[in-house]
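Q: Please take a close look at one residue and its surroundings, and then follow the chain outwards from there. I would like the cut-offs behind each term stated along the way.

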Amino acid sequence: MKPTVALVGRPNVGKSTLFNRLTKTRDALVADIPGLTRDRHYGHGRVGNKPYFVVDTGGFEPVVQDGIMHEMARQTLQAVDEADCVVFIVDARIGITPQDKVIANHLRQISQPVWLVVNKSEGMQQSIVAAEFYELGLGDPLAISASHGEGVKHLMELVLEPFEVVDDATLSDHPKFAVVGRPNVGKSTLVNAILGEERVIAFDQPGTTRDSIYIEFERDSRPYTVVDTAGVRRRGKVTEVIEKFSVVKTMQAIEDCNVVVLVLDARQDVSEQDATIAGFVLETGRALVVAVNKWEGLDVAVRDQVKRDIGRKLNFLEFAKFHFISALQGKGVGDLFDSIDTAYKAAMVKLPTPKLTRALQLAVEKQQPPRAGAVRPKLRYAHQGGVNPPVVVVHGNALEHIPDSYWRYLEHTFVKMFKLQGTPLRVQFKRSD
Ligand code: GDP
Ligand code: GDP
């Protein structure tokens, strides 16, 4: 699994500046998709071939007992708890503050590795900057400048050194789908409905609270794995444990599957949290099936209203198939599998170079890339660069002049030509010299 790195520190030390720097490349992929809201506190980063999650914990105010600050401290503690390692940021220009000491005291007691980072140290001498912060008792302070990018790569190499390069989840030779959604939408009811009828082959107990349960089963003699973020509640159990919603768990599950089943609640408006989860799915490029749950017994007007709400707020999921189901009554659950199978096949599709190049030529014949001044970008050929999501690498000249609109046009055209249902597809440009 990808390691999770939590950024911790009192306000104003530069956490979000560092967060933005670490997540920049991934953001660029989805930055201009209309309607996509993203929680700015969770993101993906990568150093070399090592991907990781990064969590900006917002504020750390462990001493305040009530109100918003208390809530922030609680979330920060949860983030630290779920993280594989912690980057604790202090401010070179201000020096040690009492708040830094309180945070350091807490971090000295946790079991994960903690890296002490002195930010805003551009133009200062590393040894002098570091000397002052030894006192915090967290080992060698590392001087960086988040806003200038100095020392950041070195920091992340150190942080990630203990972690192995993760296996590619997409190598799974059968559908491995994650059931995700915010609390109470019906995830565990759905997983129970799915497993109620199927032959369960293996069942993984989670190691920690942030881990999902992995269940292998067969349906119509075909293998599947469900990544269950809710934790199956045993049927007939009297008390229901309300699970703490864990964004990290959800992100891990999305990363570690090849198809996501996003569960929405027809009896609640589409919320910010739904959109955030959908945003993660888009960011990773996973195949997607949407299950709008609790559909039974709603009258027509309400159903129309729900569909409009979803269409408006989640318009960036237009590539996914939507199902309207009742997990409680087991209605529509079987149909989900048709879409899971289709989405899986589309995500893993193999597109031969001659076919892709022909498709590219057809797309260009229909609509040429626009001129940029005196030059017109020339698209020569295409080959596949990856699966889940399928990546099409287009070679040619002057490709840097291709506008985003044409980029999207190509993506849509390939999806249509190869009839890919349920997966996004990405186009990358490569200059041929
Ligand atoms: P957060 O509250 O911890 O998330 O801090 P921010 O990232 O919002 O940064 C607080 C202020 O410090 C902003 O004005 C940043 O521009 C500034 N800042 C962040 N990193 C650096 C740095 O490396 N050097 C300098 N000089 N300023 C920085
Ligand atoms: P989770 O937190 O997403 O795992 O949600 P649960 O599966 O625990 O369900 C939350 C609540 O919604 C429970 O009271 C379920 O009985 C109820 N629920 C789940 N599916 C349906 C459904 O299809 N229709 C209705 N009306 N209620 C449902």
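A: Val87 counts as buried because it has 25 C-beta neighbours inside 10 Å; the term applies when 20 or more other C-beta atoms, placed from the backbone, lie within 10 Å of a residue's own, whereas 12 or fewer make it exposed and values in between partly exposed. This is a predicted model, in which local features need pLDDT of at least 70 and side-chain atom pairs count only at pLDDT 80 or more, while totals for chains, interfaces and linings use all residues. Residues are numbered from 1 along each chain as its sequence is written, and chains are lettered from A and ligands numbered from 1 in the order in which they are written.

Val87 belongs to strand β4, residues 85-91, where strands are DSSP runs of E with at least two residues and helices are runs of H or I with at least four, both numbered from the N terminus. Beyond its neighbours within four places in sequence, Val87 is in contact with Val5, Leu7, Val8, Trp115, Val117 and Val159, contact meaning C-beta atoms, placed from the backbone, within 7 Å. Of these partners, Val5 is 82 residues away in sequence, yet the two C-alpha atoms are 7.0 Å apart.

For the chain as a whole, 39% of the 433 residues are buried, and of the contacts between residues at least 6 apart in sequence, 73% join residues at least 24 apart. The chain has 12 helices and 16 strands.

Elsewhere in the chain, 15 residues surround ligand 1, and Gly14, Lys15, Ser16, Thr17 and Lys120 come nearest; a residue is near a molecule if its C-beta atom, placed from the backbone, lies within 6 Å of it. Helix α1, residues 15-30, gives the largest share of this shell, with 3 residues. Around ligand 2 there are likewise 15 residues, of which Gly186, Lys187, Ser188, Thr189 and Leu328 come nearest, and here the largest share, 3 residues, comes from helix α6, residues 187-196.

Further along, 3 strands form an open sheet of mixed pairing in the order β14-β15-β16, two strands being paired if DSSP finds at least two bridges between them. The edge strands, each pairing on one side only, are β14 (378-386) and β16 (426-431). Strand β14 runs antiparallel to β15 (residues 391-397), and 7 bridges join them; within this pair, Lys378 has Asn397 of β15 as its bridge partner.

Definitions and conventions
Two residues are in contact if their C-beta atoms, placed from the backbone, lie within 7 Å.
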